[in-house]
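User: Please take a close look at a single buried charge in this model and describe its setting, then place that setting within the chain as a whole.

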Amino acid sequence: MRLDRYVSQASGLSRSGAQRAIRGGEVAVNGVVQRRAALSLAATDLVSLGGCPLQLDGPRYFMLNKPAGVVSAREDSLHPCALDLLDEPRRASLHLVGRLDIDTTGLLLVSDDGAWSHRVTSPRRRCPKTYRVELAMPLDEEAAVRLRSGVSLRRESRPCQPAGLEMISPTCCRLTLTEGRYHQVKRMMAAVGNRVLALHREQVGSIVLDPDLAPGAYRPLTPAEITSMS
Ligand code: URA
């Protein structure tokens with residue numbers, strides 16, 4: 001698609017308004033200002049107007065660095081909701097791809113593409129999710145063996161899938177899960193006699209939380225991040 005047509009459709013500017021913005025140096029493609037209205041765009045090009053990313057009415061995909069105190073729900077009478085942190089048009093059509101507890105921070109995916117979200121969250125796909133876990137007590141070797149081989153949770157007959165466990169310090173580890181049971185990390189640590197003090201999601205599949213995103217900030221996923229879940 002031509003650049004001026006894309007800018008016009010994605011921003012609501014008239015075609016001549018889009019051309020003026022392009023000539024005026026307000027439009028960048030992949031971060032480089034482009035002044036040629038007839039420039040032909042590739043499907044993966046990222047276009048911005050005045051520094052704001054533009055998107056057509058196609059599916060949208062974002063990563064959010066969820067702060068503590070924000071709930072993974074559409075509405076809540078007491079707490080701010082994760083979707084409220086996104087300043088996007090047609091916000092009602094966006095949904096959270098999975099959930100994090102109110103006190104859990106880190107990577108939360110948001111989209112309006114239900115099929116894509118299903119691929120990320122479907123238990124059959126076993127999409128790995130990695131958490132940095134701060135613990136109340138040192139994690140001993142016996143606990144590590146139980147977590148790595150599949151610990152049993154209270155009131156559940158089926159043990160957890162084996163978890164990936166990397167020790168960062170005696171009271172801090174990186175845990176990778178391929179399933180998503182209710183409060184799973186906290187319950188796994190309780191099952192080995194420990195307690196989670198802080199939980200931060202770093203990665204979902206191959207999508208890593210962008211270190212440039214401050215708590216509460218978000219950005220569109222890149223084409224490579226989107227297709228990594230296809
Ligand atoms: N496990 C938990 O216990 N809480 C989360 O928010 C995510 C995984």
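Analyst: Lysine 129 is buried (under 20% relative accessible area, 1.4 Å probe, protein chains only) yet has no salt bridge, a term that requires a side-chain nitrogen of Lys or Arg within 4 Å of a carboxyl oxygen of Asp or Glu. The nearest side chain of opposite charge belongs to glutamate 179, 10 Å away; here Lys and Arg count as positive, Asp and Glu as negative, and His and the chain ends are not counted. The side chain of lysine 129 does reach the backbone oxygen of cysteine 127, at 3.2 Å. Lysine 129 belongs to strand β8, which spans residues 129–135; strands are DSSP runs (E, at least two residues) numbered from the N terminus. Beyond its neighbours within four places in sequence, lysine 129 is in contact (heavy atoms within 4.5 Å) with Val120, Leu175, Thr176, Leu177, Arg201, Gln203 and Val204.

This is a predicted model, in which local features need pLDDT of at least 70 and side-chain atom pairs count only at pLDDT 80 or more, while totals for chains, interfaces and linings use all residues. Residues are numbered from 1 along each chain as its sequence is written, and side-chain values use heavy atoms, with hydrogens and water left out.

Turning to the whole chain, 41% of its 230 residues count as buried. Among contacts with a separation of 6 or more, 59% join residues 24 or more positions apart. The C-alpha atoms fill a box of roughly 70 × 35 × 30 Å along the principal axes.

Technical notes:
Helix = DSSP H or I, 4+ residues; strand = E, 2+ residues; numbered from the N terminus. Buried < 20%, exposed > 50% of the residue type's maximum accessible area, 1.4 Å probe, protein only. Polar contact = N/O pair within 3.5 Å; in protein donor to acceptor, adjacent residues only side chain to side chain.
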